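Please open the structure in your viewer and keep the selection panel within reach. The tour below proceeds stop by stop, telling you what to select and what to look for there.

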Amino acid sequence: MASEDDDRWRTLLDAVLEALPACAAVQGPDDRVLAANRGFTRLFGTGVRAGEIPARHHVHRTAELPLPDGRTVRRVIEPLRHEGAYLGALWTYEDVTERKRRERDLERDNVALTELARQRNAFTAAASHELRTPLTSVISFCELLTDPSFGTLTDEQASFLDAIRRNADRMQRVIADLLLTTRMRATAGLELEFGDVEVDRMLQDAVLDRMSTTQEAGLFTVLECTSGPLLRGDRHRLQNVLANLLENAAKYTPAGGRISVTAAPRGEFWEIEVADTGIGVPEEFREEIFNGFVRAPNARTGGYPGTGLGLAISRTIVRLHGGTITVGEAPDGGAAFLIRLPVAGPDDPPREEAAA
Ligand code: ADP
C-alpha cells in the first residue's frame with residue numbers, strides 16, 4: 001500500500017510534469033512508465049504504451065521521429081541519476097512539425113537562390129564578354145580617326161571623338177569590374193600574387209596615374225607617406241584598390257576640392273587613408289556601400305555615374321590581404337576611407353576566395 005509520503009511525491013511528480021511546456025513522461029528504473037503529463041497522452045492519442053518505450057537508456061539521447069499522422073516530434077531522453085544510481089529517465093517530446101516545414105521551405109528557397117545567383121553570374125560574365133569585343137573595336141576606330149593620314153578633323157569633330165573615347169574608356173572599366181566581380185563570385189575565386197611592396201612608391205604611382213584626371217576635375221591632391229617596412233601583398237591588386245578610391249574621391253568631390261592620401265606604419269599594420277572634401281557617405285550607408293551594386297542615395301540622386309562594384313571588389317582584395325577597409329567622415333564632411341593592412345600579409349596567404 002502506498003504511504004502518504006509516496007502519494008505526496010506522486011502528486012508533486014504529476015504537477016512537475018504538467019508544468020513542463022513539452023509532452024513528458026517519466027520512466028522508472030524497470031522501464032515502466034511512472035507518470036506522464038496530459039500533453040504526452042494527447043500526442044499519443046490512446047495514452048502511454050509502456051511497451052513501446054525501448055529498454056533502459058542510460059545516456060542522453062535526442063531523435064526526431066515521424067508520426068503516422070504526418071507530424072514530426074523531437075524526442076529527448078534524459079537519464080535520471082542520483083549519486084551514480086540509475087533512477088529512470090525523463091522523456092520529453094516536442095511537436096516540431098511546423099519548424100521542420102519552415103526548415104524545408106528555407107532549404108528549398110536557398111537552393112533556388114543559389115541557382116538564381118549562378119544564373120546571374122553566368123549572365124553577367126557572358127554579357128561582359130560580349131560587350132568587350134565591340135568596345136575594343138570602337139576604341140580602335142577612335143584611334144584610327146585621330147591619325148592625320150585619314151584626314152584632319154575640325155576642333156569640334158576632335159572634341160566629339162574625345163568624348164566617345166572617354167566614354168568608351170569608362171565602359172571598359174565598368175566591364176572590367178563586372179568581369180572581376182563574376183570571377184570573385186565563381187568558386188575559382190581571385191588569385192593573388194604576394195610579393196614585397198614599397199608602400200610609398202605604390203602610392204606615388206597611384207596618385208600620379210590619376211593626376212591628369214584630378215587636375216582636369218579642378219582638384220588638388222596631397223600625398224603624405226611616412227617611411228616604413230615593406231608590405232607583403234599583391235601590388236597590382238592593391239593598385240586596383242587605390243585607383244578605385246582615388247577615382248571615387250575625384251568623382252564625388254566638386255571642383256575646387258582636395259584629395260589627401262596619407263599613409264603610415266602603425267604597429268603591425270600599414271594604415272592608408274584616402275580622404276576628400278566631397279559629398280561624403282551618409283552614416284547609415286557606411287557599411288552597406290561595400291556590398292556589390294549598392295550606391296548611397298546622395299550618389300544616385302546627384303547624377304554621379306557608377307555601378308556600385310568598385311568598393312565590393314576593393315573590400316575583397318583588402319580582406320584577402322588579411323586587412324580591413326572602412327569609411328568615416330573627413331573633418332570637412334567628405335569621405336575618409338581607411339585601409340589597414342598587416343605588414344606581414346595574411347596569416348595564411350589565401351590563394352582564392354569566393355566573394356560574398
Ligand atoms: P560607384 O562609385 O561606381 O557607384 P563604388 O563601389 O566605388 O561604386 O562605391 C559605392 C558607393 O559608395 C558609391 O555609389 C557612393 O555612394 C559611395 N562612395 C564611394 N566613394 C565615395 C566618396 N569618395 N564620396 C562619397 N561617396 C562615395
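What follows is a walk through some hairpins, a sheet and two helix contacts.

Before you begin, note that residues are numbered from 1 along each chain as its sequence is written. The model is predicted, so local features need pLDDT of at least 70 and side-chain atom pairs count only at pLDDT 80 or more, while totals for chains, interfaces and linings use all residues. Helices (H or I, at least four residues) and strands (E, at least two) are DSSP runs, numbered from the N terminus.

**Stop 1: two hairpins**

Select residues 61–66, which form strand β3. A residue is called buried if 20 or more other C-beta atoms, placed from the backbone, lie within 10 Å of its own; of the 6 residues of β3 the number buried is 0, so this strand lies largely in the open. Now add residues 72–82, strand β4, which runs antiparallel to β3 and is joined to it by 6 bridges; two strands count as paired if DSSP finds at least two bridges between them. Within this pair, A63 has R75 of β4 as its bridge partner. The two strands make a hairpin with 5 residues between them, and G70 in the turn has a positive phi of about 100°.

Extend the selection to residues 85–95, strand β5, which is antiparallel to β4 and joined to it by 10 bridges. Here R81 stands opposite Y86 in β5. This hairpin has 2 residues between its strands, and E83 in the turn has a positive phi of about 45°.

**Stop 2: the sheet of five strands**

Next, display the open sheet of 5 strands, whose order is β7-β9-β10-β12-β11 and whose pairing is mixed. Its edge strands, each pairing on one side only, are β7 (220–225) and β11 (324–329). At the β11 edge, 6 bridges join that strand to β12 (residues 335–342), and the two run antiparallel. One bridge to look for links E329 with A335 in β12.

Keep the sheet visible and add helix α5 (residues 199–209), which lies across β7, β9 (258–266) and β10 (269–276) and runs at about 175° to β7. Such angles run from 0 to 180 degrees between N-to-C directions, with axes being lines fitted to C-alpha atoms, for helices over the stretch in contact. Helix α7 (residues 235–251) also packs on the sheet, where it touches β9, β10 and β12, and its direction makes about 20° with that of β10.

**Stop 3: helix α4 and its partners**

Select helix α3 (residues 97–146) together with α4; their axes come within 9 Å and cross at roughly 155°. How are α3 and α4 oriented to each other? They are roughly antiparallel, a word used for angles over 145 degrees. Among the residues that make the contact are L131 and L135 of α3 and I175 and L178 of α4, where contact means that C-beta atoms, placed from the backbone, lie within 7 Å.

Finally, select α4 (residues 155–185) with helix α9 (residues 310–320), whose axes come within 10 Å and cross at roughly 45°. That angle makes α4 oblique to α9, oblique being what remains once angles under 35 degrees (roughly parallel), over 145 (roughly antiparallel) and 65 to 115 (roughly perpendicular) are set aside. To see the contact, show D177, L180, T181 and M184 of α4 beside G310, A312, I313 and T316 of α9.

Definitions and conventions:
Contact = placed C-beta atoms within 7 Å. Buried ≥ 20, exposed ≤ 12 C-beta atoms within 10 Å, placed from the backbone.
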